[in-house]
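Let's take a walk through a protein together. Have the sequence and the 3D view open, and try to find each spot as it comes up.

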Amino acid sequence: MKVPLLDLKEQYKTIKKEILETAEELFESQYFILGPRVASLEKEIADYCFSKHAVGVSSGTDALLISLMAMDIGVKDTVITTPYTFFATAGSIARTGARPIFVDIDPKTYNISPECLESAIDSMSRTELERLKAVIPVHLYGQCADMAPILQICEKYDLVIIEDAAQAIGSEYRGKRAGSMGDFGCFSFFPSKNLGAFGDGGMVTTNSDDFYDKLCTLRAHGSHPKYYHKLIGGNFRLDAFQAAVVSIKLKYLDQWTEARQKNAKNYRALFKHADLEDVVQLPFEKEDRHIYNQFVIRVKERRDDLRGFLNDSGIGTEVYYPVPMHLQACFSDLNYKKGDFPQAEHAALHTVALPIYPELSDDQIEYVVENIKAFYLKKK
Ligand SMILES: *Cc1c(COP(=O)(O)O)cnc(C)c1O
């Protein structure tokens, strides 16, 4: 049996007719950049995320970058984030000229630890505090970071919050949706996200009218009106075609999310039955809405051998992420070292993502668990 980590072709079959009809209309119109399709998607995403505004941008990475730019964050500033995330979170901080500061994660959820955040800020000198401008919590794998204490700390120190919600569209924390709790919410429509385009795309949500205006100006080279540049922006525009695809897919997102949640439940029941508690730690689930962009387990031993074994059985897996940000070569000038963030380092060595996409069958899930069991039962 083949169980790929993700199979987008299955999903495409179900929406192919709609996509092709819309594509034909759009190609006939030859209207490709921003425009009415982007505007209507922005309204739909703002509503879906319980936010006042949304601004379509070129990618999730650019969503982060433009949010930092909207706050004039740059050289001499610092921004706190998690070391256990996709590169773009830390990369966009560095691209503004600011310095990323990492704090360790909560080993249960893999999200930034509010305790570590607080103690890092508490131990800062006065000058360090003056340089600190923002915090970027990441809602990793589709589950919100513990936002209540994070909001509290950021309010106390007057820090901007940019939520990296690239993996978490529709995920909830105490009734609030990812991207609506901080000053900015950054979303990605990279094809492998729960709501993926047919290429790159992203969105920034905000509840502030002022930030909204500034984001709109920045995404079109900072010009307003056209050819009059009051800010130095960039080309961060979303294509009409990507907006049209995302808009069609958005109608099915809740249904797909429910299928992911059902698959997660299925895994939990099967793992329980497989008696693997000693070696396999399942994803921690709070009562809040988890959208399972990934189903990531932590294994006690032989993670890489397990991946090889599963691969030989036709099962796709991935490690998100094998090298925490503080140990990346490009950040060596930040002077972090191995051992600085033990939880992030442990997770990088012991976690593995299993297939969870909505179209997965019960048989496929059973096959994955059976194979993991077979691997740990066999002699070393
Ligand atoms: C995917 C992702 C991004 C970047 O999004 P792109 O659209 O690929 O630029 C940023 N942060 C996280 C946590 C992501 O998973």
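What follows is a tour of aromatic rings, salt bridges and one helix with its surroundings. Keep in mind that this is a predicted model.

Start with the rings. The model has 18 aromatic pairs. Take tyrosine 12 and phenylalanine 198: their ring centres are 5.8 Å apart and their planes stand at 70 degrees, and because an angle over 60 counts as edge-to-face, that is what we call this pair. Now look at where the two partners sit. Tyrosine 12 belongs to helix α1 (residues 8–29), while phenylalanine 198 is in the loop between β8 (184–188) and β9 (202–206), so the pair ties together parts that are 186 residues apart in sequence. Both partners are partly exposed, tyrosine 12 at 29% relative accessible area and phenylalanine 198 at 34%.

Next, hop over to tyrosine 336 and phenylalanine 341. Their rings are 5.5 Å apart, centre to centre, with 55 degrees between the planes, and this pair is tilted. Tyrosine 336 is partly exposed at 21%, whereas phenylalanine 341 is buried at 8%. These two don't stand alone, either: ring pairs link them with Phe87, Phe102 and Phe331 into a cluster.

Rings can also have a charge sitting over them. Lysine 108 lies over the face of phenylalanine 284, 5.1 Å from the ring centre. In the case of arginine 177, the charged end is over the ring of tyrosine 48, at 4.7 Å from its centre.

On the surface, you can find a nonpolar patch of about 270 Å², made by Phe27, Phe32 and Ile33. Phenylalanine 32 is in the loop between α1 and α2 (36–48), and with 34% relative accessibility it is partly exposed.

Time for opposite charges. There are 16 salt bridges in the structure. One of them joins glutamate 18 and lysine 251, with 2.4 Å from N to O. Why does this pair tie together distant parts of the chain? Glutamate 18 lies in helix α1 and lysine 251 in the loop between α9 (240–250) and α10 (253–274), so the bridge spans parts 233 residues apart in sequence. Glutamate 18 is partly exposed at 22%, but lysine 251 is exposed at 55%.

Another salt bridge brings together aspartate 77 and lysine 133, whose closest N and O atoms are 2.6 Å apart. Aspartate 77 sits in the loop between α3 (60–70) and β2 (78–81), and lysine 133 is in strand β4 (residues 132–136), 56 residues away along the chain. Is aspartate 77 buried or exposed? At 9% relative accessibility, aspartate 77 counts as buried, while lysine 133, at 30%, is partly exposed.

Finally, visit helix α12. Its buried residues are Ala344, Glu345, Ala347, Ala348 and His350. Among the elements covering them are β11 (295–299), α11 and β12 (351–354). In the loop between α11 (303–312) and α12 (342–350) you'll meet threonine 317, which is buried at 12%. What does threonine 317 touch, beyond its neighbours within four places in sequence? Threonine 317 is in contact with Leu5, Arg307, Leu310, Val352, Ala353 and Leu354.

Technical notes:
Residues numbered from 1 in each chain as written. Predicted model: local features only at pLDDT ≥ 70, side-chain atom pairs only at ≥ 80, totals over all residues. Heavy atoms only, no water. Phe/Tyr/Trp six-rings, centres within 6.5 Å; stacked < 30°, edge-to-face > 60°. Helix = DSSP H or I, 4+ residues; strand = E, 2+ residues; numbered from the N terminus. Buried < 20%, exposed > 50% of the residue type's maximum accessible area, 1.4 Å probe, protein only. Lys NZ or Arg CZ within 6 Å of the ring centre and 35° of its normal. Patch = residues over 30% accessible without salt bridge, like charges linked within 9 Å, V, L, I, M, F, W, Y side chains within 5 Å. Areas by Shrake-Rupley, 256 points an atom, 1.4 Å probe, with all protein chains shown as cover. Salt bridge = Lys/Arg side-chain N within 4 Å of Asp/Glu carboxyl O. Contact = heavy atoms within 4.5 Å.
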